Amino acid sequence: MPDRTRIVVVGHGMVAARLIDDLDRYADPAALDVTVIGAEPEGAYNRLMLSEVIGGRAAVDGLAMPHRATWVRVLDGVAAVRLDRERQLVVDEHGDEHPYDQVVLATGADPRVPPLAGLEDASRWPSGVHALRTLADCRAILARVGSVGRAIVLGGGLLGVEAAVGLRAHAVPVTVVHSGAGPLDRQLDAASATVLRHALRDNGIDVVTGGRAAAVVVHDGAVAGLRLADGSVVEGGLLVVATGVRPRSDLAADAGLPCAAGVLVDSDLRSLADPRVSAIGDCAEPPGGCSGLLAPGWDQAAAVARRLARQGDSRSTGPTDGAAAPTGSTPEAAGGDVIRLKAKDLTVVALGTLPDDDLADTDVHVVTVTDLRSRRRVRVGVRDGVLVGASVVGDAQLAADLTAAYERGLPVPADPAQLLLRASEGGGGLPTAQSPALIPGRATVCRCNGVAKSHIVAAHAAGDRTVDDVACRTRATTGCGTCTATVQGLLEWLAEVDGDPASTASDTDDAGLLPRVARPKHRARLGVTTPS
């Protein structure tokens with residue numbers, strides 16, 4: 001029997017976990033010797049749900065990523081410090097050497113910290129200053145939030161707003177400091193951002209816009225506020241930095257691999273300088289650029305797993321046959337054309353593409369409704385009878401209906417104004433998104449994992465009765481988590497009909513279920529204690 005191909009995976013986040021799971025699906029374990037080196041002690045968990053943990057809306061033990069590849073050697077809590085390409089070794093922080101035939105970099109991203117006096121050295125931040133990138137950050141924030149008079153969030157993007165809403169759940173006033181013109185201004189037009197700003201204020205969250213932070217105010221070694229460029233000070237005993245991320249490519253750069261924003265790779269996700277090195281996820285920069293999104297990272301993991309499985313017997317380092325790996329260079333590949341804010345009692349959804357200006361003379365028919373008193377603003381765009389874009393602030397049901405129509409390609413009225421009418425009002429509006437019986441079997445339920453309604457139905461027929469069971473089999477809900485309510489609703493509906501559920505998926509081909517996966521053994525080690 002030939003020697004097994006040695007694969008070392010550096011990093012054990014969400015994308016690395018998917019790579020391992022896909023290797024288990026596609027490869028012969030007898031042909032591979034796989035070692036995973038992850039710096040965080042908890043192992044792989046759902047990083048996208050950390051703001052939900054802060055707000056008490058997600059249980060920490062539900063964040064662990066399911067896996068079944070028990071034949072893979074996993075070293076959690078061990079950091080890789082050097083990639084020795086000449087000797088084909090990964091060296092960890094203890095000096096242990098891990099030889100490889102192929103190495104996959106899945107090192108993720110670090111928080112991007114703006115040039116700010118007091119935050120120059122991340123290892124020496126004042127007490128009370130934290131990013132929100134890891135479970136350790138989550139623990140530190142929760143340990144402090146109960147003892148401060150006000151919290152500050154630096155950054156008014158998706159993570160910043162989600163973090164602010166989560167902190168507000170602890171009855172602490174929150175100020176968001178954002179350098180842009182309005183919260184979520186990358187996703188929303190100016191008027192929609194203004195409506196959102198009022199909705200946040202109603203919930204005890206102040207938003208300072210156009211405010212460039214200059215320095216952290218420190219008293220007795222702890223944060224006491226944030227000084228802005230105009231000299232004003234926002235006071236607060238907790239500062240959460242949510243100003244984006246940067247690819248973690250230092251290990252690759254130190255090894256002489258070409259890097260720009262991330263590790264430069266070709267369409268097959270191999271380093272441009274060394275075909276024995278691949279990079280996936282946030283640390284990778286394929287020809288289409290860094291997407292910063294989970295869905296393309298998972299696509300990349302699947303593509304690399306297939307390639308490594310094919311070459312398991314030959315240790316080939318040359319190009320492989322077959323289609324190029326998905327790189328997320330298009331919105332369709334990236335899965336990023338539907339953006340949802342994960343926040344309690346606050347609805348923001350942006351999907352597709354809309355003209356920047358409602359009055360722009362384009363081929364997109366745009367209709368806008370603004371109701372500041374009700375904290376609601378809706379923009380809808382239709383082209384040739386197809387919904388091409390929408391943004392919704394403050395109307396959860398309409399946001400769900402529009403999202404369903406967009407994702408499922410449902411026919412829409414030629415006049416977009418009718419899209420804003422409730423179906424119950426008889427105005428020719430959209431079918432409700434919360435009618436499980438009306439959802440086609442082929443309709444996507446979980447965008448992150450490409451799980452259709454038919455997969456949920458088939459999982460139920462196979463004996464899965466809880467969201468956790470369905471997640472273990474289909475991977476639904478293990479991404480951004482926004483499909484959890486839909487999956488729960490489908491399971492409740494299936495429990496009610498309890499007849500021949502397979503008939504509800506008759507318009508699809510084989511559901512193609514994955515085998516059930518096991519929950520990680522490290523699950524109990526994810527614990528975060530929420531202060532009373």
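**View 1. Aromatic rings and a charge placed over one of them.** In this predicted model, the search for paired aromatic rings, in which ring centres must lie within 6.5 Å of each other, comes to a count of zero aromatic pairs. A ring does, however, take part in an arrangement with a charged group: the charged end of Arg-18 sits over the ring of Trp-298, at 3.8 Å from the centre of that ring.

**View 2. The hairpin of strands E4 and E5.** Strand E4, which covers residues 80-84, and strand E5, which covers residues 89-92, pair in the antiparallel sense, and four bridges are found between them. One of the residues to look for here is Ala-80, whose bridge partner in E5 is Asp-92. Four residues lie between the two strands of this hairpin, and Gln-88 takes a positive phi there, near 55°.

**View 3. The surroundings of Ala-79.** Ala-79 belongs to the loop between strand E3 (73-76) and strand E4. Is this residue buried, partly exposed or exposed? Its relative accessible area is 22%, and because buried is reserved for values under 20%, Ala-79 counts as partly exposed. When residues up to four places away in sequence are not counted, Ala-79 touches Ile-37, Ala-39, Asp-92 and Glu-93; of these, Asp-92 is also the bridge partner of Ala-80 in the hairpin of the preceding view. Pro-41 is 38 residues apart from Ala-79 along the chain, and the C-alpha atoms of these two residues are separated by 9.8 Å.

**View 4. An open sheet of five strands.** The strands of this open sheet follow the order E9-E16-E10-E11-E12, and their pairing is parallel. Strand E9 (129-131) and strand E12 (205-209) stand at the edges, where each has a single partner strand, so that one side of each is left without a neighbour in the sheet. Neighbouring strands of the sheet are turned against each other by 20° on average, with direction ignored. At the E9 edge, three bridges join E9 to strand E16 (residues 238-241), and these two strands run parallel. Within this pair, Ala-131 stands opposite Val-241 of E16.

**View 5. The chain as the setting for the close-ups.** The chain contains 12 helices and 27 strands, and 51% of its 532 residues count as buried. Among the contacts in the chain with a separation of 6 or more, 67% are accounted for by residues 24 or more positions apart. The chain exposes about 22800 Å², of which carbon and sulfur atoms supply 48%.

Methods
Residues numbered from 1 in each chain as written. Predicted model: local features only at pLDDT ≥ 70, side-chain atom pairs only at ≥ 80, totals over all residues. Heavy atoms only, no water. Pairing = 2+ DSSP bridges. Phe/Tyr/Trp six-rings, centres within 6.5 Å; stacked < 30°, edge-to-face > 60°. Lys NZ or Arg CZ within 6 Å of the ring centre and 35° of its normal. Buried < 20%, exposed > 50% of the residue type's maximum accessible area, 1.4 Å probe, protein only. Contact = heavy atoms within 4.5 Å. Axes fitted to C-alpha atoms, helices over the stretch in contact; angles between N-to-C directions. Areas by Shrake-Rupley, 256 points an atom, 1.4 Å probe, with all protein chains shown as cover.
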